[in-house]
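Open the model in your viewer and get ready to select residues as you read. We will go from stop to stop, and at each one you will see what to pick and what is there.

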Amino acid sequence: MEIRALLFDVNGTLVDIETDEWMEEAYRAVGHFLTYQGISLRRFEVRDLYFRIMKEQFAASKEIYPEFDAVAVWREVIRRSATAYTRSLDPEKLLRMPLFLAELQRGVSRKRLCAFPQTQAILAGLKTRYRLAVVSDAQSAFAVPELRAVGLADYFAPIIISGDYGFRKPDPRLFQAALTELQVRPEEAIFIGNDRFRDVLGARRVGMKTILFCPNANPGGPPETEPDYILYQYADLPRAIEFFT
């Protein structure tokens, strides 16, 4: 079967990133910003409210693999904490504020962000032969700007982000959403990811071939998460794809 499309995970596969969601500085920055919007919350209050609302989102979900919505969490933080002054702000500003807070929290809590070595050069070559797409457990507020920041966003269409759907991998619906937009059958596509459970198992459930990206090691797993191919560096990706043709 001819391979027509390559689908990629993002964090740990395309992008080498490290974040600390509990970092005090992130919630201090959010708290200081909210002060100017009429909301008085100390950094620990911001943090605790954020995670409480996130937990509520997960509890309300009926999905097997639920995903949260970071922008919706911050929207609820504002709603619960708003004062009369907050409610008097320009409606357009209030509308944009949850997205800004999501970006601010992520930006301050980020410690490292870069593409894996040789990724861009390899993708440029592959794009001339295959359709490229992303299926990632992430938030659109984070993932798309981060892909853009490391110079990779323009290689992919569609970009399927779990936070936009309310469920995460290995739910097969995320993989199927990408295949549907690409207009390719599962057997015509390969999924490249770094997680045996989320990436390999999820892609296999829809009938895709799988490549496990292991830049540092090759952690084993149960048979149902065994990939079709193991990749240790991006320079070898074209050869890995030839394995399936």
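**Stop 1: the lining of the largest cavity.** This is a predicted model, and our tour begins inside it. What kinds of residues line the largest cavity? The lining divides into 3 nonpolar, 2 polar and 2 charged residues. To see them, select E21, Y50, F68, Q105, R106, S109 and F142. Now colour helix α5, residues 91-109: the largest share of this lining, 3 residues, comes from that helix. The space they surround has a volume of about 50 Å³. A search of the whole structure for cavities of 30 Å³ or more finds 1.

**Stop 2: the largest pocket.** Next, look for the largest pocket, which holds about 400 Å³ of space. It is lined by 19 residues, and those closest to its centre are N11, R106, D137, A138 and R198. Keep R106 highlighted for a moment: this residue lines the largest cavity and is also one of those closest to the centre of the largest pocket. Which elements give two or more residues to the pocket lining? They are β2 (15-19) and α9. Try colouring the lining by residue type, and you should find 10 charged, 5 polar and 4 nonpolar residues.

**Stop 3: two helices that cross.** Select helix α1 (residues 24-35) together with helix α2 (residues 43-60). Two packed helices are described by the angle and the distance between their axes. Here the axes come within 8 Å and cross at roughly 100°. Angles of 65 to 115 degrees count as roughly perpendicular, and α1 and α2 are therefore roughly perpendicular to each other. Show the side chains where they meet: on the α1 side, pick E24, Y27, R28, V30 and G31. On the α2 side, pick R43, F44, V46, R47, Y50 and F51. The residues of this contact divide into 6 nonpolar, 1 polar and 4 charged. You have met Y50 already, in the lining of the largest cavity.

**Stop 4: a pair of rings.** The model has 15 aromatic pairs. For one of them, select Y65 and F197, whose ring centres are 6.1 Å apart. Are these rings stacked or edge-to-face? Their planes lie at 75°, and over 60 degrees counts as edge-to-face, so this pair is edge-to-face. Zoom out to see what the pair links: Y65 sits in the loop between α2 and α3, while F197 belongs to helix α9 (residues 196-205). These distant parts of the chain are joined by a pair whose residues are 132 residues apart.

Terms used. Residues numbered from 1 in each chain as written. Predicted model: local features only at pLDDT ≥ 70, side-chain atom pairs only at ≥ 80, totals over all residues. Heavy atoms only, no water. 1 Å grid on protein atoms, 1.4 Å probe; cavity = no way out; pocket = protein on both sides within 12 Å on 5 of 7 lines; lining within 4 Å. Points joined across faces, edges and corners; volume = space filled by probe spheres on them. Helix = DSSP H or I, 4+ residues; strand = E, 2+ residues; numbered from the N terminus. Nonpolar A, V, L, I, M, F, W, Y, C, P; charged D, E, K, R; others polar. Axes fitted to C-alpha atoms, helices over the stretch in contact; angles between N-to-C directions. Parallel < 35°, antiparallel > 145°, perpendicular 65-115°, else oblique. Contact = heavy atoms within 4.5 Å. Phe/Tyr/Trp six-rings, centres within 6.5 Å; stacked < 30°, edge-to-face > 60°.
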